[in-house]
Amino acid sequence: MSLEKPRHLAGKASNIRVVLCAGLLFASGLVSPLAQGQSAPSTTHPAKIIIDSDIGDDVDDVFAIGLALVSPEVEILGISSAWGDTQLRARMIDRLLTETSVTNIPVAEGIPTQAKSSFSQAAWAKGGNVPTKSHPPAVDFLLAQIRKDPGNITLVAIGPLTNIGAAIDRDPVTFKKLSRVVIMGGAIRKGYGDLGFLPNRGPQPEYNIYSDVAAAHKLFASGVPIYMMPLDSTQLKLDEDKRALLFKQGTPLTNALSVLYYQWGQQTPTLFDVMAVAYVLQPSLCPTTPLHITVENDGSTRESAGTPNANACLASDSDQFFHFILPRLLKPFPLQR
């Protein structure tokens, strides 16, 4: 509800041979020069991700999961429910996958908590012809997946961080073997409702962080690379024209999005969580800045002096974002995955 000496050679002739060989390789396309600090992107295998979501309160979670479902750049290893009634949230994920004919993604059940938020889409979560399924505990599932493929999994956390904090408590060594954690969370320089049209009132505590401050402390101290999509870059409004275009498509996914939008019962969704998934797919949508983030006891996320412990996206372009996500959500569905 928000993730990169040469060996010394003794003689001049040897140096010349090396330079000539390198030039031939570059010219042939066998080796590509990379900017300093960059690594070559993988073009052969989709990125492996696990999504941890408090789906069912605000409606942005289901848009975020929907975007991941239609994007071939990622392989979804599993989706876990977070915060509040995690059993019902897991059933809601089951229903979304059933409605979209996606049968190969495991669903895990997070740690239940007391939540003051409204589960606005509970009726849809309880309905539908959904096969009865058992759900492994989210912490067990996450740690097991990391052990199977250390260093290659991205965790996309788009809810309060309770499951993440518990996984760190259980096995910090294994948790640190995640490739990275991409979160929607925090507020660095802007707060809720700051769309750039009025004087900046400054940041304020953000829901996903202040809901479980202790877990946020653990994540930011974990040593795992963190890519942070805060309020500064995620207040992206799905306006009436975009909704009309989307909801008239009549695919299983857009039908689910439409029903859940109306059950959510408000006017204009803010697609906070969608940016976390979009960043995984296309990092240029939300360029990040290395910062040292201190999580205060009230849930504020303050940039402070020190070695960077997060890469935060401080601004994004709304037009670029929607030009990226809408054609994907408008695709015929289900896809063959």
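Strands (E, at least two residues) and helices (H or I, at least four) are DSSP runs, numbered from the N terminus, and two strands pair if DSSP finds at least two bridges between them. This is a predicted model: local features need pLDDT of at least 70, side-chain atom pairs count only at pLDDT 80 or more, and totals for chains, interfaces and linings use all residues. Residues are numbered from 1 along each chain as its sequence is written, and side-chain values use heavy atoms, without hydrogens or water.

**The sheet.** Select the nine strands. They form an open, mixed sheet in the order 3-2-1-4-5-6-9-7-8. Strand 3 (107–108) and strand 8 (301–304) are at the edges; each has a single partner strand, so one side of each lacks a neighbour in the sheet.

Go to strand 7 (288–295). Its pairing with strand 8 is antiparallel, over four bridges. Here valine 295 faces threonine 301 of strand 8.

**The helices.** Select helix 3 (86–99). It packs on the sheet, in contact (heavy atoms within 4.5 Å) with strands 1 (47–53), 2 (74–81) and 3. Its direction makes about 145° with that of strand 2; axes are lines fitted to C-alpha atoms, for helices over the stretch in contact, and angles between N-to-C directions run from 0 to 180 degrees.

Next, helix 13 (274–281). This helix also packs on the sheet, and strand 5 (180–184) is among the strands it touches; the two directions make about 145°.

**A pocket.** Show Leu195, Gln235, Leu236, Ser316 and Ser318. Of the 16 residues lining the second largest pocket, these are the closest to its centre. A pocket is an open set of points on a 1 Å grid over the protein atoms alone, where a 1.4 Å probe fits, with protein on both sides within 12 Å along at least five of seven lines; lining residues have an atom within 4 Å of a point. Helix 10 (231–234) gives the most to this lining, with four residues.
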